[in-house]
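User: I'd like to learn how to read pockets and a bound ligand in a model. Can you walk me through this one?

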Amino acid sequence: MRQKIVAGNWKMNNDLKESLKLISEVANMVTDEVSNDAVVIVSAPFTNIYALDQWKTGSSAVDKIKLAGQNCCWEESGAYTGEVSAKMLKSIGADYVILGHSERRQYFAESNSQLAKKVDLALKHELIPIFCVGETLQEREQGIHFDVIKSQLKEGLYHLIKSVFKTVVIAYEPVWAIGTGLTATPEQAQEVHAYIRQLIAEGYDEETAESVSILYGGSCNPSNAASLFSQKDIDGGLIGGASLKSRDFTDIIKTFNS
Ligand code: 13P
């Protein structure tokens, strides 16, 4: 059975006080209302992760919510002003790190080869990468979206040996659906998720392909989560805007309640 995962990507939102308020609301709702065993992840700005971890440790939600960074440096340490390393993230309570988000690729020119280095450092420091792939609108219109996703996956992750590859989480986030209110239809999303799983089967084997969780991201909300998550190859979501509202985020997680 693949792990079901709902991860909230807060992006550059919430100062310290707002972060603590939001996590406590989410923790209460998750504790009271969620009856499934989906892994719940909150990916907060670097500045707030330590405080969120401290808060979590003293609450009943300690095991219910995992923390993630939104990026980490491609180097271990050194003269990289403004960067944060995988080791640092691990030391403040993160268990996951989002890598290759399209906003990082677009605004910070992150390349697949740089991402491959980040993946290695994350894994070295026991952070699970949530590795993002996805095409732009133009790429979809040109009909090259499968090729784009294939290169992102191959160049970013295929250097990993099978046993390590199995531990990684993949997120399919069509760029045209991020923050636009335009969601991929369940059929469109399923088509790409199935393609990603097929690529993994070809690059590794069937068993590996069946064990990797693949999340959908892009304007996912409480109204469309059920139809997306019921698709065969969609194992949960990477949620942006809707993760900033405790009610919406919890309702998305509850989609997995039976
Ligand atoms: P939205 O849910 O706001 O479209 O963002 C998706 C996303 O980028 C999650 O990483």
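User: Let's start with the largest pocket. What volume does the largest pocket have?

Analyst: The general idea first: roll a probe the size of a water molecule over the atoms and you see where empty space is left. In this predicted model, the largest pocket comes out at about 410 Å³.

User: Which residues lie nearest the centre of the largest pocket?

Analyst: Those are Lys11, Met12, Gln70, Arg104 and Phe108, out of 15 residues that line the largest pocket. If you'd rather think in elements, α2 (46-57) and α4 (102-107) are the ones that give two or more residues to that lining. The largest share is from α4, with three residues.

User: And how do the lining residues of the largest pocket divide by class?

Analyst: You get seven nonpolar, five polar and three charged residues in the lining of the largest pocket.

User: Now the ligand. Which pocket does the ligand sit in?

Analyst: Look at the second largest pocket, that's where the ligand sits. This pocket has a volume of about 220 Å³. Its lining has 19 residues, and the closest to the centre are Lys11, Gly179, Ser219, Gly240 and Gly241. By class, the lining of the second largest pocket splits into seven nonpolar, 10 polar and two charged.

User: Which residues surround the ligand itself?

Analyst: Going along the chain, the ligand has Asn9, Lys11, His101, Glu173, Ala177, Ile178, Gly179, Gly218, Ser219, Leu238, Gly240 and Gly241 around it. Sort that shell by class and you have three nonpolar, seven polar and two charged residues.

User: What distances separate oxygen atoms of the ligand from polar atoms of Glu173, Gly179 and Ser219?

Analyst: Here the cut-off matters: a pair of N or O atoms counts as a polar contact within 3.5 Å. For Glu173, a side-chain N or O atom is 2.9 Å from a ligand oxygen. With Gly179 the partner is a backbone N or O atom, 2.6 Å from an oxygen of the ligand. Ser219 also uses its backbone: a polar atom there is 2.7 Å from a ligand oxygen.

User: How much of the ligand's exposed area does the protein bury?

Analyst: Taken alone, the ligand exposes 300 Å², and the protein buries 94% of that.

Methods. Residues numbered from 1 in each chain as written. Predicted model: local features only at pLDDT ≥ 70, side-chain atom pairs only at ≥ 80, totals over all residues. Heavy atoms only, no water. Near = heavy atom within 4 Å. Polar contact = N/O pair within 3.5 Å; in protein donor to acceptor, adjacent residues only side chain to side chain. Areas by Shrake-Rupley, 256 points an atom, 1.4 Å probe, with all protein chains shown as cover. 1 Å grid on protein atoms, 1.4 Å probe; cavity = no way out; pocket = protein on both sides within 12 Å on 5 of 7 lines; lining within 4 Å. Sits in = over half its atoms within 2 Å of the grid points. Nonpolar A, V, L, I, M, F, W, Y, C, P; charged D, E, K, R; others polar. Points joined across faces, edges and corners; volume = space filled by probe spheres on them. Helix = DSSP H or I, 4+ residues; strand = E, 2+ residues; numbered from the N terminus.
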